[in-house]
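Reader: I'm new to this one and would like to know how its labels were earned. Could you show it to me and then take my questions?

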Amino acid sequence: MEGKRERRGPRDEISTAPAASPPDRGPAGALRAYWPGGFLDFALAPGATLTLGRDERCDLHIPHVSVSRRHARLKVAAGLSVEDMGSHNGTFVAGARLQARLPAPVGAGQVVTLGDAIVVWHAPLSFAGALPRRGETPGDSELIIRDPVMEHLYEHARSAGTQSMNVLICGELGTGKVAVAGVVHRGSSRSPLVAVNCALRPDAQLEVALFGSEPAGAVAEPGVLEMAQGGTVLLTHVGDLSEDMQLKLLRVLETHECTRVGGERPVKIDVRFVTTTGLDFEARVRQKRFRSDLFYRLAGVTLRVPALRERPLEIVPLAVHFLRSACAARGQSAPSLSREAEAQLLGCRWPGNLRDLRTAMQAVAAVDCGDRVEVAHLPAFVRAAAAPAPAADGLRAEIAATQRRRVEGALLEANGNQTVAARALGMPRRTLISWLDAWGVARPRKRV
């Protein structure tokens, strides 16, 4: 049965979601395109064929000189494919250049490069979302896959999804751990995904939620572990489990069985566990506050979601996204961000990560900013942050420094070979050379 399972009893923090819908149903996801100086979102419809290029008549208009007038063609069928239309700078998928007129498949989250522009396909979200009260809205961190560290994280999450091992996702509060869990689940063949928050209920309620109940003279009620039969169980805030619940969960992992509260007959279960925590899990194990044997069973694969301050290339695009969403909810158009405001956002530490940034943009939407957001329109906690100075130059320096680190690292890995480095970076060799010239960096020769 597709769609959400019926909720039973008092489990107000449990949610379920089916596997990804077949490609011929509903929307086909969305594209997000970035280029120096701008970005846009484009909703996809099943069966659509789109042209991408600098020509204003293209379905997806990318106004940048590095993009050919009619650069590439996208087709939405059983997935997504892209075809280079004989462009000048070429079309790359995950760093590999395509042959002209030969369609190639594109996976969800894969980067397609057209000149200096990149395009990312976001497939329809099949993860309905857990913990709406805690603000971890799945999809927010997936909307922006621009920083290299996040590109690698999502690659690892998709790879982990294809494996059978349990997955532990660590990271500060508000970094988007639930969204990463959704990526892991969608990479698997399991269904459904059932999520439960381990932090918001007493042990007795949590035990019933997980294992179900079989009260005398009443109808037995299955728990999360049975509801997720053949699928994935997502346990958020797993580091908050009591010692007693840790032991009970350990027995489930060892025996692949669970017994309903009040029942006597164990039930065989086939589930894969994905868990999240905002705590230093290894420190809790060392302090003997969490069982080491349970930790090692849950952490078959460990993924760490970086804090927002560790992925600066995402801050401004995410801020624009949150601002547009907040303004749309108010029925108003979104103002643009001034360079000074962008630099101030980059200078903030964002202790609450995506939650803080979303809150800040919601506050901006409530202020009459006119057509442009200036520093004075930002909330006090953002204005109080130490921003680069001068602000406008600081923003450009932040982005340039990140780009330069990536390029220098790729050249080092490629032993100075510019073609190999450009391929690893997912950009045309010509673009790489232009960046080196702009920075005044002598182009290295391949070492023998």
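Author: Let's begin with a term: buried means under 20% relative accessible area, exposed means over 50%, and partly exposed is in between (1.4 Å probe, protein chains only). What you see is a predicted model, where local features need pLDDT of at least 70 and side-chain atom pairs count only at pLDDT 80 or more, while totals for chains, interfaces and linings use all residues. Residues are numbered from 1 along each chain as its sequence is written, and side-chain values use heavy atoms, with hydrogens and water left out.

Reader: Why is Glu254 called partly exposed?

Author: Its relative accessibility is 44%. That value falls between 20% and 50%, so Glu254 counts as partly exposed.

Reader: What makes Arg297 and Glu254 a salt bridge?

Author: The term asks for a side-chain nitrogen of Lys or Arg within 4 Å of a carboxyl oxygen of Asp or Glu. Here the N to O distance is 3.5 Å, so the pair qualifies. Arg297 sits in helix H8 (residues 292–298) and Glu254 in helix H6 (residues 243–255), so the pair ties together parts that are 43 residues apart in sequence. Helices here are DSSP runs of H or I with at least four residues, strands are runs of E with at least two, and both are numbered from the N terminus.

Reader: And Arg297, what is it called and why?

Author: Partly exposed, because its 36% lies between the two cut-offs.

Reader: How do you know that Arg190 and Asp270 form a salt bridge?

Author: Their side chains meet at 2.9 Å, N to O, which is within the limit, so the name fits. Arg190 lies in the loop between helix H3 (177–186) and strand E14 (193–197), and Asp270 in the loop between strand E19 (267–268) and strand E20 (272–277), so this pair links parts 80 residues apart in sequence. With 22% for Arg190 and 40% for Asp270, both count as partly exposed.

Reader: How many salt bridges are there in the whole structure?

Author: A search finds 15. One of them pairs Arg291 with Asp293, the closest N and O atoms being 2.9 Å apart. Salt bridges that share partners also join Asp55, Arg57 and Arg69 into one network.

Reader: What makes Glu243 exposed?

Author: Its relative accessible area is 62%, which is over 50%, so Glu243 is exposed. Glu243 lies in helix H6, and its C-alpha atom is 7.8 Å from that of Arg289, 46 residues apart along the chain.
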